[in-house]
Structure formats: structure tokens, C-alpha cells
Amino acid sequence: MSRVSDYAFINAKLRARIGIMRESSLFDEMIKAPSLTEAIAKLDGTHHAGLLEVYRKTGDLQQVELQMLEDEIALYREVGSYLPSVPSEFLSVLLEKIEVDNVKNCIRLWYSDAVRHHLISYRSSYIYKGSIVHRIDYDAVINAVSYPELLRAFRDTPYAEVLSSFSLESIASRGLFPLEIALDHMWFRHLDEGIRKLHGRDRKTAEEIYSVDADLKNILMLTRYSYSYHLSPEDLEKVMIPMGYIVKEAQKMGALSSDDPIAVISGIVKHRYPRVSEEIARIRRTADDLTTVDENNREIVLIEAYLGERRQSEYRKILMGDPFSIGVVLAYFFLCLQEDGTLRAILSGKYYGWSEDKIREGIGL
Amino acid sequence: MSMFTRKMRMLTAVVMESDRDSVVKALLEKGVMEFVHIGLLPADKMAKLSEHSSAVPKAALTDMRVRVETLMKEGGMKLPEISAEAADSLPPLDMEGFRRTLDKLSLSLQSIRDRQRSINQEINALSEIIRYSTEKKDDYLDLRVGMPAHGNADDLHARLEQIGGVFLFSRKPYISLTLRRDSSRVTDVMDKFGWTESTDSEAQKSAGAEAIGEAKALTESCRNELGKLADEAAERIRSNGKALSDIWTNVRVHELCEHVESYFSYTRNTSLFSGWVPEEYSDDISALITKVTDGRCIIEWTEADEVPRGEVPVEMSSPKVLRPFEHLVRNYSTPEYGSINPTPFTAAAYLCMFALMFADLGQGFILLLVGLIGSWLYRKNPTKPDGIISRYLCSLLIFLGPASMAGGLLFGSCFGFSLIPALWFNYDAVVEGEPVQGLIQDIYDILGITIKFGIVIIYLGLVLNWINLVRKKRYFELVFDKNGLVGGVMYALGIWFAWGFVASGYRTFPSSPFFAPVLISCLALIVIKGPLEAVLKAREGHKESVGHVIMSTVMDFLVEVLEIFSGLLSNTLSFMRVAGLGIAHASLMSAFYQMADMPGNIIAKVLIMILGNLLVIVLEGLSAGIQSLRLNYYEFFTKYFTGHGVAFEPVGLRSRASAD
């Protein structure tokens, strides 16, 4: 089969969907709505109308979010069914990211109950319990009374190996952050392997996309954890995603063993992404007088919003390029997930009664 | 109905500032004027005018209107019609009051949703217990049967309820069914009340089933309560329906007034405005403004031909019955002002094409029925969103059905059977190769008909183009353009030439003394087009170098000749798809007919024929519809429809919100 026959149908289908999905006026109207009920009512007549139905029936935002997750999983499966086997398998790797996040949520719930001794009652119902990529007994995870029991719930999945390098004591003392980072890194390793299995143009496209994606995420990590939380070089190494130009260059230059690893990495960022570097510097300059934690967080939000825009423009470029490659599929998922993310942020903002400005700042609108 | 787009006139009026509101409301009530900004006055005069300043910004009014609409939609309410009386007797705009009313309603809705959320959480908690029991995951459950030794049972019950689970305290011994992960919390509570497990083995045995039964009953009652609350939310909105309708009407009228007044300019005591009005309403509008202002006004009319054609808004004056076809035309573009209204020609061409491709009396009747029933259902439920068979499709099917039925009568086809005598020829018999008497005997004859039909359509397009060009006084294009007279003559030559070749049995080309001189004259006209255009431009002061003129003449000549020959040839042959689709329709029905005979069972035969007809109606109906549209857009419209117009959008009380 040629690339054209592989991608002609899905390319046309996804482009048509992309054409109708960007409804920025919808988000604007939702932000302006004075209450959650009025905000979510704006979804009537849009392709998210199913979420409104769930809200009308339950009044429960978390139930709506669970529905969104189910819709996302269904979307990956639907698109995967239109693709030939190799790119379809790659899509399973991408779907695994949703599973990783679901696993993290599930473990957080278990942690809340078993380690922090908080009552979780109905909250377990908002965990997606179906099989996403691997067969995981989520009930066993939530109800695990010991760490070995938790490990058993993940047997025959790649998560077992990651979890086995932790213990109840380490988690109890250091929290879930290291475990979650380890799970993310496991996924990035799978992503790297998945990209290697792709052929020709698909492989090149995926490499380009995820290399930049990993770089931008690492820049965000640097901003968030090093600049604000002053991580040590060892912890910095553990936090950084093992993919992309920045990490490879940092390893080559021995950045993490240098006297000032942040300066060396910042130099790499400046060389590879001069505009990103300039923009971050500009945001910091204008936020020089920021002193409180809230204000520092605001600066991170601004940088996150800028990097989000940057990532969006990368995907827009892909959409304008070769239509007969996996690029259009990846761009579509990016746009879908971004739209869902914006929707979630607006609805959460409305639920917590945030101001219009605060919601807009949070989603970079 | 006029054959051309509706004639327009531009009104410019000056009224006293004190009469402004009355004039605006009167014009909105009439709803026939599209306002334009006054921007072409000399700068010194413009400087004396000031722009409209609003008490309430239009954006705030729009936000308020959208908010009311959202709530009304949530309550399943229709937007009210604004009557002239309602617009005249509006209470003052009280934005703060409106906001308070809406906030109050929104708050009460939110409290219903919050109650729904609590109940949903309860359902979720109980569902987890029920699911574990159903899936035999009893390890995750903690069942206790016993009695407290001391303390108040109600207190114990209340404290256990905080943890969550199923508690049966109305019988003895008490039953507690919780999640195992909450065991330690349950034990802590029970220990405080000296809970002792029952030794009654029967009670212990039946406790689980009893507790699950109670959980199911509780879940069911919660679900009912959830449903009631969902209805209550919609009912709460409807009970405020009058207030919402009043707010919407008030805000909408003010929004429209703001919109209209944003086009006004002002001196200290007067208001100046301008806009386009269909010619037949111009006297009414003059009279209306004069009446409302008691004659304190100055009205001037500008004719459309005094303004560049592209600035005049266009309205097609088609009869209501042809609205579905006007929609097809609008989908393509808006015709230029003063040109031919394509709607009636599109309707005729589209229906003929569809009838030729989908000729079946029975299937056409089904299409008509679908159209009629669909339209009736949509009329009955005006708020119902469009489904796959949309409102528009239903209105189109009401035309396509009878067209297909007429085709069926001509070709003697009903549900794929030759049940009725053909008025023209038996299409199915010709397709199946059966011996047929008359002019049409084989498939080539059918192809010939559609090519002739294509020639008629293309010529109709060319003639309409010539009429448009004469009306626009573009005589140069009329003569020299590929869709002008030169193109028409060369197309006629081509048809004559091809006709002669086919008539000779594809053996010899026809010859005639007029052929070469006419062809050479046409080619010469195409050659001189470039230099002539250069001379005309030079007269207007746009000189071009001789080299440039020669180069562009050669290139234009080659492209133009190629376009005339290959373009018109391919346009004509494109109409063979009409025969193709018609033949496919007949062949498919014939195939289903043969398949129906295979089982030798009358029930199976009927079922196969029903299924076959359904498939053909859906698939072939869709194909014929799309191909007819394609032929109209690419073969017909490209000959005469420039689509350079700007649609006329008058503002009135009944204007859709999106229109402004």
C-alpha cells in the first residue's frame, strides 16, 4: 500500500473534523458565563453536546470529566482503526499516555486512602476502569491494603517494573512525585521505541514532533522545578524527559556535572530555541518584582501559555505539510487534547468560581 | 418575480435628533433597509459630524441577550417573536435589574445541579458496593451484623453514614455493609458504641443479600430523584419564561437600535443616516420617515447605477416556492448586482438532471413522502435540531420526488419494474439490451440524449452570460471573451463538426464552405483581443510596452483557444454522467430484480426488492443529487455566474441575531 492510499481517507476525515473543532467563540462565551450551569449549557449544539447531557442528568462535573476521558479513548481507537498496522500500533503508544495518567490518578486515590488515611468514598467512581492498553485491575489498585497488593494489581503490565523500584516507605516519605515522574519517563521510553518502529516519512515526522515536544516540556520542567523549586542537579536529571535535543546536548556537554547546570542548559535552550529563550527572559523581566509564591506561579503560567502556543504553531506547520503521513493524525490529537484541556480548565474555573481573567490567564487565551 | 436581481436605491436622510428613536424603531419594524456607514462625505463636513455614543455598549447588550438565550434553550423554550407593539411599548432598559433576575435564576439552577451532584455521588458510592457484590469481589466488602452495647443507635447510624455504605438499622440485628478499605474507620466508630457481632448464623447468612437489596433500592430511588431534579431544572426556567421573554425582547430591541444607530452620524441637533432599500419599498420608506418625523426631515435617493456595482447589495427576488434552489445558488456565491437571478434556471436544470438520473415513479414517490413527512415533523417541533435528513433536504426532496416520478413516467419505471407504459422510451429495456422500437434503441442513444441536454444547458449558460454582459455594458467581453460571442460561435462550430463526424459513422469529417472562414474569423478575434485591450488601456492612461503586448497576446491566444476547445468539450462530455447515473440506477434495480428471483420464495423476493429499493433510493438518490449539483456549479454556473455580489442583509425586528 502506498502512503497516499494509507492516509488519503484519514487525512480527509481528520481535516474535516479539524475544520469544525476550533470554536474559540464558544470558549469565550463559556468564560463569560456567570455560572458553571450557564457555561456548560453553551455546549448545546456543539460536538461536545454529549457532555452537557451528562451534566444535565447528574449535575456532576467529575462525571463530565470521566465522559470526556471515555470520549478521548474512543477517539484514539476510532482513528487507529482507519490506519495500517504500524502507525496504528504507534497510536496505541500514544493511548498509553492516557493510561499512564489514569494509572497516576488511581494511585493518587490509593495513596490518599492507604497512606494519607483520607476517606475516598465515591471518588473511585471517577476512575476509568475499562482496559485502555493493558489489562489493569483498577479495583484491586484502589482497594490494595499493602504495597505488595498494589504491585500485584499491576502484574503483567509495564507499570509493575516501575512500581517495584519504589516502596511504601519511600512513597510515604517523598510523596508520589518521583513515582509519577518515573511513570512518565517509562512512557517516553515506549514512545521512543514506538517511533523507531515507524517507517520512512512517518518516522521522520514523529521524531521531529516529539523531539520538539520533549524539548518544550523540558524547558517547562526547568522553569517549574529548577527556577522555582531549586532542584539539585541529581534531581534535575531525574525530572528531565530523556528525549529530545536539549537532554542529548546536555549529556554530551556534561551539563549536569558542571558547576552551574542551569546556566549550561539555558545556553543550550538559547542556541536551539532563541525565540523561546527571549520570550521567557521577557516574561521574567516584566515579572521582576514578583515575590510571592502566587506571583511566581503566575509567571510559570505565562511561560506555560507561551510554550503551549509554540507547540500549537509546530502542529499547525505539520498540518500545512505533507498530508500523507502520520503528521496529520498527531496534529489532530494534539488539537483535540488541547481543546479538551481548555474545556476542562474553563469548567473547573467556573466550578471554583474563578474570575474571567484568571481563567483566561490559565488557558492562555 | 423579476428575472434579474432586485433593484435597489440608496437612501440618505437627515432627521431631528429628537425624532431619532422613533425613526429607528419604525425602520426596524419595516425591516427592509441595510444600513451603510456615511464615510464618503468631504473631510470638512465629516469633521462637523460626531459618531454615535451609547449609554449601554452593544457588546454588553449582546452578552446579555446570549445569556438569556442560553437559559431559554436550557429550558427548551423558543425565542419570542418581536411585535411592533412590543417594540413600541418597551419598558426602560434596566441592565442591573435584568442581571439580578438572571443571577437569581442561575443561582437556583446551580443549587438544583448541586443537589443532583450530591445524589449522583451517593449513587456512585452505592454502585461500587453493588458492583463488587455482583462481580463476586466480596474481598473488597466489609459486612457486619450485630448490635451496639451502649449509646444511641441513631448516633451510630449517623456516624457510619459519614463513612459511607449501606446500613440497615430498622431491623435487628443491625447490618452494616461498607468497603473493606474503610474497615478501620468503621471499627473505630463501632468500638465506641461497643458493637458486638451477632451469633445468629441465619442472620449472618442473609445479611449480605439484604444489604445489597437495600443498596439497589436506594440507588433506584436516588436515580428517580436525579431524574426529577433534571426535570425541575428545566421547569424552573420555564416558570420564569415570561420574565426571560420580556428581558430578551427588551435587550434584543435595544441591541438592534444600537446596531442601527452605530451607522448614524450626528450634528448638534440632527441625525444623518444612509442605507440600501429595495426599489419597490423606497416610497414606503420615504413616507414612513416623513410620517414619523412630522415632515421634519430631508430625504435623498441615490440610484444604484450612480454607485460602483460591487458596492450595491444584492437580493434575489425568487418566489418562495423556489427557496430550496435559491439556497443552492447562495451556497455557491452571491450574483453580481443587476445580473440574471440564477435561481429559476438552477431549479429547472437541477430537476431535469435529477429526473434523468433517478427516473422512477415509485422511488420518487418515496422521496416525496420523506420530504413531506420530514417537513411536517420539523414544523411540529421547531426547536428540533437538524438530523441527517435536515430541514433543507426535506424541502428539496419535495421537488426531487415529483421530478423523479415524472422521469419514471417518461421511462416507464416503478420500483425498478416496467409496470407502466413509458411515455417516451423504456429505459430499463434499453439498458438491458432488449429490442426496443423508436428513436432510442441502445445505450449510445441514451448517451446522445444527455450530450444534447448538456449542449442546451451550456448554451443557456452562454446566452445568460451575454444578457448579463449587455446589461453591464461590457461589450468588449461580450465579443471577445471565451464565454462571449466568440466562444459561442466556436462552440457551435465544434458541435456542427462533431455532429457531422458522428453522422458519418465516425468515418469522415464534415466539410462546408462556411467552416474555415468562420473559424479563422473567430481565431482572428481572439488574436486581436490583446492588442485591442492594450489600446483601450492606453487611452485610459495605462500604457504597456509593445513587447509585453505581443507576449501577452501570444500567451492569451494559446490559453484562450485551449480553454475554448478543451473546456467546452470536457463540459459537454461531462453531461454523460447523467446517462451514467441513469444506467447505473437501471442496472442496480435489474440486479436486485434477478437476486430476488433466486430464492424462489415470495417473502424473500419481496424482502430483497424492498431492501434493494431502499439501498438504491439512499445511494443513487445521494449520487444523483450530488452530480446534479456538480453539473450546475461547474458546467452551468461557470458560464454566466461571476459571484461578485454582496448579499443584501436588511435589519429588522425579525432579523436573526447573527445577521448583525
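**Rings, helices and a pocket, term by term**

Reader: What makes you say that the charged end of A:K358 sits over the ring of A:W354?

Author: This is a predicted model, and in it the charged end of A:K358 is 4.5 Å from the centre of the A:W354 ring. The cut-off for distance is 6 Å, and the charge must also lie within 35 degrees of the ring normal. The pair is listed as sitting over the ring, so it passes on both counts. Chain B has a case as well: B:R471 over the ring of B:F4, at 3.6 Å from its centre.

Reader: Why is the pair B:F637 and B:Y640 called stacked, tilted or edge-to-face?

Author: First some context: the whole structure, over all chains, holds 45 aromatic pairs. For B:F637 and B:Y640 the ring centres are 6.2 Å apart, and a pair needs centres within 6.5 Å. Their planes meet at 85 degrees, and over 60 counts as edge-to-face, so edge-to-face it is.

Reader: Where do B:F637 and B:Y640 lie along the chain, and how far apart?

Author: Both belong to helix α22 (residues 602-640) of chain B, three residues apart, so about one helical turn separates them. Residues three or four places apart on an α-helix point the same way, because there are 3.6 residues a turn.

Reader: How do you know whether B:F637 and B:Y640 are buried or exposed?

Author: Buried means under 20% relative accessible area. B:F637 comes in at 0% and B:Y640 at 3%, so each counts as buried.

Reader: What makes a cluster out of B:W496, B:F497, B:F501, B:Y506, B:F509, B:F514 and B:F515?

Author: Ring pairs link them to one another.

Reader: What tells you whether helix α9 of chain B has the span expected of it?

Author: α9(B) runs over residues 241-261, which is 21 residues. From its first C-alpha to its last it reaches 30 Å, close to the 30 Å expected at 1.5 Å a residue.

Reader: And why call α9(B) largely enclosed by the rest of the structure?

Author: Because 17 of its 21 residues are buried.

Reader: What lines the second largest pocket, and which helix gives the most?

Author: The lining has 40 residues, and B:E69, B:K73, B:L79, B:P382 and B:T383 lie nearest the centre. The space comes to about 1800 Å³. α9 of chain B turns up here too: along with α3 (58-74), α13 (361-380) and α14 (391-411) of chain B, and α2 (24-32) of chain A, each supplies at least two lining residues. α3(B) gives the most, with six.

Reader: How do you know the bond between B:K172 and B:P173 is a cis peptide?

Author: Its omega is about -5 degrees. B:P173 is in the loop between β5 (166-168) and β6 (174-179) of chain B.

Reader: What makes B:K136 and B:D294 worth listing for their phi?

Author: Neither is a glycine, yet phi is positive: about 60 degrees for B:K136 and about 55 degrees for B:D294. B:K136 is in the loop between α5 (95-134) and β4 (141-148) of chain B, while B:D294 is in the loop between α10 (282-292) and β10 (297-303) of chain B. Exposed means over 50%, so B:K136 at 67% qualifies, and B:D294 at 62% does too.

Note on methods:
Residues are numbered from 1 along each chain as its sequence is written. Chains are lettered from A and ligands numbered from 1 in the order in which they are written. This is a predicted model: local features need pLDDT of at least 70, side-chain atom pairs count only at pLDDT 80 or more; totals for chains, interfaces and linings use all residues. Side-chain values use heavy atoms; hydrogens and water are left out. Helices (H or I, at least four residues) and strands (E, at least two) are DSSP runs, numbered from the N terminus. The expected span of a helix is 1.5 Å times one less than its number of residues. Buried means under 20% relative accessible area, exposed over 50%, partly exposed in between (1.4 Å probe, protein chains only). Rings of Phe, Tyr and Trp (its six-membered ring) pair if their centres lie within 6.5 Å; planes under 30 degrees apart count as stacked, over 60 as edge-to-face and the rest as tilted. On a 1 Å grid over the protein atoms alone, a cavity is a set of points where a 1.4 Å probe fits but cannot get out, and a pocket is an open set with protein on both sides within 12 Å along at least five of seven lines; lining residues have an atom within 4 Å of a point. Grid points are joined across faces, edges and corners, and a volume is the space filled by probe spheres set on the points.
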